[in-house]
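Subject: Structure handover

Hi,

As promised, here is the structure for you to open up and look around in. My notes on what turned up follow below it.

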Amino acid sequence: MGLNKKKAELLVLCVCVLVLCSCGRQKPESRNHLYAGVACYNKSDTFLSQFIICLKEQFDNLGSDDFEVSMTVRDAAGSQRTQDDQVKELIAAGCNILCVNLVDRADPSEIINLAKEKGIPIIFFNREPVAEDMMQWDGLYYVGANAEQSGVMQGELAADVIKAGSMADRNKDGKIQFVILEGEPGHQDAIIRTENAVDTLKKQGIVLEKLCCGIANWNRAQAQNRMMQIISQYQNGIELVLANNDDMALGAIDAYKKLNYTESALPVFLGIDGTDAGLEAVIEGKLAGTVYNDKEKQAQAIAELAVSIIKKGKTAGEGTKAVTEKTGDVNSKYIYLPYSKVTSGNAAGFLDKESKAVK
Ligand code: GAL
Ligand code: CA
C-alpha cells in the first residue's frame, strides 16, 4: 500500500514537472513568433486596400530566422457583425496580435472583450475608437494620423492656388463658391477635415460662399453621382471642390467629364490621401493638390509596435515608448504620423516612395 502511495506521489510529481517544463518552453516560443490578425473594414476602399499592401510589406521586413512573422487579413466588407466574427476566427486561428480597422468606430466592445479575455493586444488603425473605449484595457493602441492637420493642409493648398492669381474666382465676384464632398458621417476624418480646411481658407483671407455639401462615403462612384446632381443645380457656378479624400475628388472630376465640361469651366479640385490615382491626377494637373496620408509610415509604426509588444511579452511598456518617441508622440497608447502637402512640384516623389516601399 505504502509503496503504491509513493508511486502515485512520484507520478503526480512527474506530471507537474512535465507541465512546468512545457509551460516554461512555451513562453519563449510564443515570443519568437508574431502572428498578426488584420481586420479591415472594407477592402474596396482604395486607401485601405493600398494600406494593407504596405502593412504586409512592413511585417515581412521585420521577420528573420529567429523571429517568424505572419499575417492574415480579413475583409468585413462594411459589416461590424462580420468583423466581430472574423476577429473570433483570427483568435481561434492562433493570432497573438490583432490589427483592427473597425467598421463602426463607436462599436468596438465585442472585439475588445474577445481580445481581453485571451490577453491578445489590439492595435486599432485608421478608424479611431472613442477615448472611453481605448481606456477599457491597457492592451489597446491606436495608429493613425491627425485629421485636423490634413484639413489645415488642404485649406493651405487651396489658398495658395486661389491667391496665385489663378482663375479660381471665375465670376469675379470676389468670393469663392465652393462645394464639399464629405466622407462617412461619424468618421473622425470627415467632419474635422472639412472644418479645418474651411477655417484655414477663411483665416487666409479668402471670402467663401458655400453652395452645398454632399456625402459620398469616401467613394469615387458615389461622389460622381452626387456631383452630377450638384452640377445640375449650380452649373458653371462652382469654383472650388474640397473633397475629404482623393477618390471623391476624382469622382467629382469624373462627373464634369461625363457632362462634357471644357477645361476652362472646371473648378479647382483638392483631395486628401495621395493614393496612386490621386498622385497621378496631381501630376497631370487635374487635381490642384492633395495631402499625403502616410500609409507607409503608419504601417511601419503598426508593425514595429506589434513586434515590440510580442518581444517584450507584455501589452505595454518600453517597446511601445521606443516607437512613440520615434514618431514624436508622447502618449504611449496613440501614435499619429504626420501628413504632407502634395502639389505638382513634388507629387512624383511620393509615387516613387510608394513603388520603393512596395518592392
Ligand atoms: C481615411 C482616408 C479615406 C478612407 C478612410 C477609411 O483616412 O482618407 O480615404 O480610406 O480613411 O476609414
Ligand atoms: Ca466667385
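To start with a puzzle: how many nonpolar, polar and charged residues are in the lining of the second largest cavity? By class there are three nonpolar, four polar and one charged. Before you go further, please keep in mind that this is a predicted model.

**The cavities**

That second largest cavity has a volume of about 40 Å³. Its lining is made up of Asn126, Tyr142, Gly144, Ala145, Asp189, Asn293, Gln298 and Tyr339. Strand 5 gives the largest share of this lining, with three residues.

In total, two cavities of 30 Å³ or more turned up. The largest has a volume of about 110 Å³. It is lined by 13 residues, and those closest to its centre are Asp45, Phe47, Asn126, His187 and Trp218. You'll notice Asn126 there again, a residue that also lines the second largest cavity. The class mix for the largest cavity is four nonpolar, four polar and five charged residues.

**The pocket**

There is also open space to look at: the largest pocket holds about 540 Å³. Its lining counts 22 residues, with Glu263, Leu266, Pro267, Gly285 and Lys286 the closest to the centre. Two elements give two or more residues to that lining, namely helix 9 (246-258) and strand 9 (268-270). Helix 9 has the largest share, at three residues. Sorted by class, the pocket lining has twelve nonpolar, six charged and four polar residues.

**The six-stranded sheet**

Now for the sheets. One is an open sheet of six strands with parallel pairing, in the order 2-1-3-4-5-11. At its edges are strand 2 (68-75) and strand 11 (334-337), each of which pairs on one side only. From one strand to the next, the twist averages 20°.

Strand 4 is a good place to zoom in. Strand 3 (residues 97-100) runs parallel to strand 4 (residues 122-125) and is joined to strand 4 by three bridges. Within that pairing, Val100 stands opposite Phe124. Which residues of strand 4 are buried on each side? Ile122 and Phe124 are buried on one side and Ile123 and Phe125 on the other, which leaves both faces of the strand covered. As a general point, side chains in a regular strand alternate between the two faces of the sheet.

Over at the strand 11 edge, four bridges link strand 11 with strand 5 (residues 140-145), again running parallel. Val143 has Ile335 of strand 11 as its bridge partner.

**The four-stranded sheet**

The other sheet to look at is open too, with four strands in the order 7-6-8-9 and parallel pairing. Its edge strands are strand 7 (208-215) and strand 9, each pairing on one side only. Neighbouring strands here are turned by 15° against each other on average, direction ignored. Strand 9 is also one of the elements that contribute to the lining of the largest pocket.

Inside this sheet, strand 6 (residues 176-182) pairs with strand 8 (residues 240-243) in the parallel sense, over four bridges. Leu181 sits opposite Ala243 of strand 8.

**The calcium ion**

Where does the calcium ion (ligand 2) find its protein donors? They are Asp169 (OD), Asn171 (OD1), Asp173 (OD), Lys175 (O), Gln177 (OE1) and Glu239, whose OE is listed twice, and they lie 2.2 to 2.5 Å from the ion. Along the sequence, the donor residues are spaced D-x1-N-x1-D-x1-K-x1-Q-x61-E. Two of these donors make a nice contrast. Asp169 has a relative accessible area of 17%, so it counts as buried, the cut-off being under 20%. Lys175, at 33%, counts as partly exposed.

**Two residues in a loop**

Last stop: the loop between strand 7 and helix 8 (220-234), where you'll find Asn217. Trp218 is in that loop as well. Phi of Asn217 is near 50°, a positive value in a residue other than glycine. Trp218 has a positive phi too, near 70°. Are they buried or exposed? Asn217 is partly exposed, with a relative accessible area of 31%, whereas Trp218 is buried at 9%. Trp218 is also one of the residues closest to the centre of the largest cavity.

Have fun exploring!

How values were computed: Residues numbered from 1 in each chain as written. Chains lettered and ligands numbered in written order. Predicted model: local features only at pLDDT ≥ 70, side-chain atom pairs only at ≥ 80, totals over all residues. Heavy atoms only, no water. 1 Å grid on protein atoms, 1.4 Å probe; cavity = no way out; pocket = protein on both sides within 12 Å on 5 of 7 lines; lining within 4 Å. Points joined across faces, edges and corners; volume = space filled by probe spheres on them. Nonpolar A, V, L, I, M, F, W, Y, C, P; charged D, E, K, R; others polar. Donors = N, O, S within 2.8 Å, 3.2 Å for Na, K, Ca; no water. Buried < 20%, exposed > 50% of the residue type's maximum accessible area, 1.4 Å probe, protein only. Pairing = 2+ DSSP bridges. Axes fitted to C-alpha atoms, helices over the stretch in contact; angles between N-to-C directions.
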